[in-house]
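Here are some questions and answers for a reader new to this structure. Have the sequence and the model in view while reading.

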Amino acid sequence: MIRIKTESPEETERFAACLSKKINRGAVIAFFGGMGMGKTAFSRGFVKGRGIEAEVSSPTFSLVNEYGGDPPVYHFDMYRVESWDDLYATGFFEYIDMGAILLVEWSENVENALPDDAIRVNLERGETDNERIITVTGGGIDEDIGR
């Protein structure tokens with residue numbers, strides 16, 4: 001488990017970029033945290049850390065954004081997913097089967113569908129508006145990740 005405090009979106013991005021270098025093909029990164037907690041900032045840093053040049057934004061209306069890379073990185077927004085039918089309609093399970101790396105915002109809504117080895121990233125507000133407490137568990141992640 002890793003538990004860190006970041007004091008700006010840029011620090012969150014730097015941490016995510018470092019973490020991304022430790023992630024292998026087929027990983028599912030499941031984000032937990034309310035609106036405005038930094039899930040998209042984390043995703044932006046993750047994609048940069050993989051060496052992918054892409055405009056990263058929350059896939060709120062498209063449900064999934066593709067950023068390329070090897071393996072490819074797909075970014076899901078499960079905010080509006082309310083049923084198994086909704087989840088199947090996103091193609092979520094097909095993306096898992098292809099060995100891509102999946103970044104999944106609003107994982108609370110699909111928690112029962114997450115693989116057992118999903119890497120869970122919980123983002124909480126700290127003492128100030130920009131401070132975040134980030135806890136990463138699962139997937140064999142340990143504390144040797146730098147910032």
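Strand β7 and its surroundings

The model is a predicted one.

Q: Is strand β7 largely enclosed or not, and how many of its residues are buried?
A: Strand β7 covers residues 132-137. It is largely enclosed by the rest of the structure, because the buried residues in it number 5 of the 6.

Q: Which residue stands opposite Ile133 of β7?
A: Strand β1, residues 2-6, is joined to β7 by 5 bridges, and the two run antiparallel. Opposite Ile133 in β7 stands Lys5.

Q: How many residues does the hairpin between β6 and β7 run through?
A: Strand β6 (residues 119-125) and β7 run antiparallel, with 6 bridges between them. Arg125 stands opposite Arg132 in β7. The hairpin that joins β6 to β7 does so through 6 residues.

Q: What covers the buried residues of helix α1?
A: Helix α1 spans residues 9-20. Its buried residues include Thr12, Phe15 and Leu19. Among the elements that cover the buried residues of α1 are α2 (39-49), β1 and β7.

Q: Is Asn122 buried, partly exposed or exposed?
A: Asn122 lies in strand β6. Buried means under 20% relative accessible area and exposed means over 50%. Asn122 has 27% relative accessibility, so it counts as partly exposed.

Q: With which side chain does the side chain of Asn122 make a polar contact?
A: Leaving aside residues up to four places away in sequence, Asn122 touches Phe32, Gly33, Ile133, Ile134 and Thr135. The polar contact of its side chain, at 3.1 Å, is with the side chain of Glu124.

Notes: Residues numbered from 1 in each chain as written. Predicted model: local features only at pLDDT ≥ 70, side-chain atom pairs only at ≥ 80, totals over all residues. Heavy atoms only, no water. Buried < 20%, exposed > 50% of the residue type's maximum accessible area, 1.4 Å probe, protein only. Helix = DSSP H or I, 4+ residues; strand = E, 2+ residues; numbered from the N terminus. Pairing = 2+ DSSP bridges. Expected span 1.5 Å × (residues − 1). Contact = heavy atoms within 4.5 Å. Polar contact = N/O pair within 3.5 Å; in protein donor to acceptor, adjacent residues only side chain to side chain.
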